[in-house]
Amino acid sequence: GLAVNGDTILVAPGQYHENLDFIGKGVHVVSEGGTAVTSLIPADGALPTITFDSGEPVGSELAGFSITGGVTKHAILISNSSQPHIHHNVIRDHVSYAANAAAIGSYNSNPVIEYNLFIHTRSLGGIGVFSGGGSIVNNTFHDNSRGYWSQGVGVIARNNVVTSSVDFGIGDDGF
């Protein structure tokens, strides 16, 4: 796209069948009306719904969406030193039984994931930090296989609420 670092992309209410790739840009993608009226559903089920895998800088932002469905390994993929801020979203009904699947999967990155609601994800968990760092703060996980899991180094996790997990709530090997 034509967006440049620092741009804000406001998304009107609606249901969007998209696979969104931030392609290395530090842009703010924000819904105008919030999660109740703005949803993202993957157009191509073989790909993540949202991808941050090109070293997106601090300033990359995804906020205010209901991210629904998806059967690929991750609904949101974060990798290659990306540093997105993912907040105030609802991530629901992501179902994948691929090895190490999680609604949000982070590798060698440093995301800030806060104030999100994870509902009915069936995989390793709502969030899996497989390497790297990041912050998992003030999220709510309800009726998921697991809440969140970390194998990262120095991951900060605090003030999260985990209820009704099928397997377990929190797994740690790097908090």
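## Briefing: salt bridges, core, pocket and a few telling residues

Arginine 92 has a relative accessible area of 30%, so this residue counts as partly exposed. Arginine 92 is a good place to start, as it pairs with aspartate 93 in a salt bridge. Please keep in mind that the model is predicted. The points below go from the charged pairs to the nonpolar core and the largest pocket, and then to single residues worth a look.

**Salt bridges**

- The count of salt bridges comes to 2.
- In the pair of arginine 92 and aspartate 93, the closest N and O atoms are 3.5 Å apart.
- Aspartate 93 is partly exposed, because its relative accessibility of 31% falls between the limits of 20% for buried and 50% for exposed.
- The other pair joins aspartate 143 to arginine 122, with 3.0 Å between the closest N and O atoms.
- Aspartate 143 sits in the loop between β17 (140-142) and β18 (146-150), while arginine 122 sits in the loop between β14 (117-119) and β15, so this salt bridge ties together parts that are 21 residues apart in sequence.
- How accessible is aspartate 143, buried or partly exposed? Its relative accessibility is 23%, so it counts as partly exposed.
- Arginine 122 has a relative accessibility of 15% and therefore counts as buried.

**The largest nonpolar core**

- The largest nonpolar core holds 25 residues, and those touching the most other members are Ile50, Phe52, Leu62, Ile67, Ile76, Ile104 and Ile127.
- Strands β6 (50-52), β9 (76-78) and β15 (127-129) each contribute at least two residues to this core.
- Leucine 62 deserves a closer look: setting aside residues up to four places away in sequence, leucine 62 touches Leu20, Phe22, Val29, Ile50, Phe52, Ile67 and Ile76, as well as His85, Ile86, His87 and Asn89.

**The largest pocket**

- The volume of the largest pocket is about 150 Å³.
- Its lining is made up of 11 residues, and Ile9, Asp21, Phe22, Ile23 and Val27 are the closest to the centre.
- What is the chemical make-up of the lining of the largest pocket? The lining residues divide into 8 nonpolar, 1 polar and 2 charged.
- Phe22 links two parts of this briefing, as it is among the residues closest to the pocket centre and also among the contacts of leucine 62.

**Backbone angles to check**

- Most residues other than glycine have a negative phi.
- Asparagine 80 has a positive phi, near 55 degrees, and is not a glycine.
- Asparagine 80 belongs to the loop between β9 and β10 (85-87), and its relative accessibility of 48% makes it partly exposed.
- Histidine 88 also has a positive phi, about 55 degrees, although it is not a glycine.
- You will find histidine 88 in the loop between β10 and β11 (90-92); at 43% relative accessibility, histidine 88 counts as partly exposed.

**Strand residues and their partners**

- Serine 39 is part of strand β5 (residues 38-41).
- With a relative accessibility of 14%, serine 39 is buried, because the limit for buried is under 20%.
- Beyond its neighbours within four places in sequence, serine 39 is in contact with Gly14, Gln15, Tyr16 and Ser66.
- Valine 112 is in strand β13 (residues 112-114) and is partly exposed, with a relative accessible area of 30%.
- Leaving aside neighbours within four places in sequence, valine 112 meets Pro84, His85, Ile86 and Ser135. His85 and Ile86 are also among the contacts of leucine 62.
- Glycine 169 lies in strand β21 (residues 168-172).
- Contacts of glycine 169, apart from its neighbours within four places in sequence, are Arg146, Gly147, Tyr148 and Val162.

**Distances along the chain and in space**

- Where is glycine 152 placed? Glycine 152 is in the loop between β18 and β19 (156-158), and at 3% relative accessibility it counts as buried.
- Glycine 152 and glycine 132 are 20 residues apart along the chain, with their C-alpha atoms separated by 4.9 Å.
- Glycine 169 and glycine 126 are 43 residues apart in sequence and 9.8 Å apart from C-alpha to C-alpha.
- Valine 112 and asparagine 100 are 12 residues apart along the chain, and 20 Å separates their C-alpha atoms.

Notes
Residues are numbered from 1 along each chain as its sequence is written. This is a predicted model: local features need pLDDT of at least 70, side-chain atom pairs count only at pLDDT 80 or more; totals for chains, interfaces and linings use all residues. Side-chain values use heavy atoms; hydrogens and water are left out. On a 1 Å grid over the protein atoms alone, a cavity is a set of points where a 1.4 Å probe fits but cannot get out, and a pocket is an open set with protein on both sides within 12 Å along at least five of seven lines; lining residues have an atom within 4 Å of a point. Grid points are joined across faces, edges and corners, and a volume is the space filled by probe spheres set on the points. Ala, Val, Leu, Ile, Met, Phe, Trp, Tyr, Cys and Pro count as nonpolar, Asp, Glu, Lys and Arg as charged, and the others, Gly among them, as polar. Helices (H or I, at least four residues) and strands (E, at least two) are DSSP runs, numbered from the N terminus. Buried means under 20% relative accessible area, exposed over 50%, partly exposed in between (1.4 Å probe, protein chains only). Contact means heavy atoms within 4.5 Å. A nonpolar core is a set of buried Ala, Val, Leu, Ile, Met, Phe, Trp, Tyr and Cys residues joined through side-chain atoms within 4.5 Å. A salt bridge is a side-chain nitrogen of Lys or Arg within 4 Å of a carboxyl oxygen of Asp or Glu.
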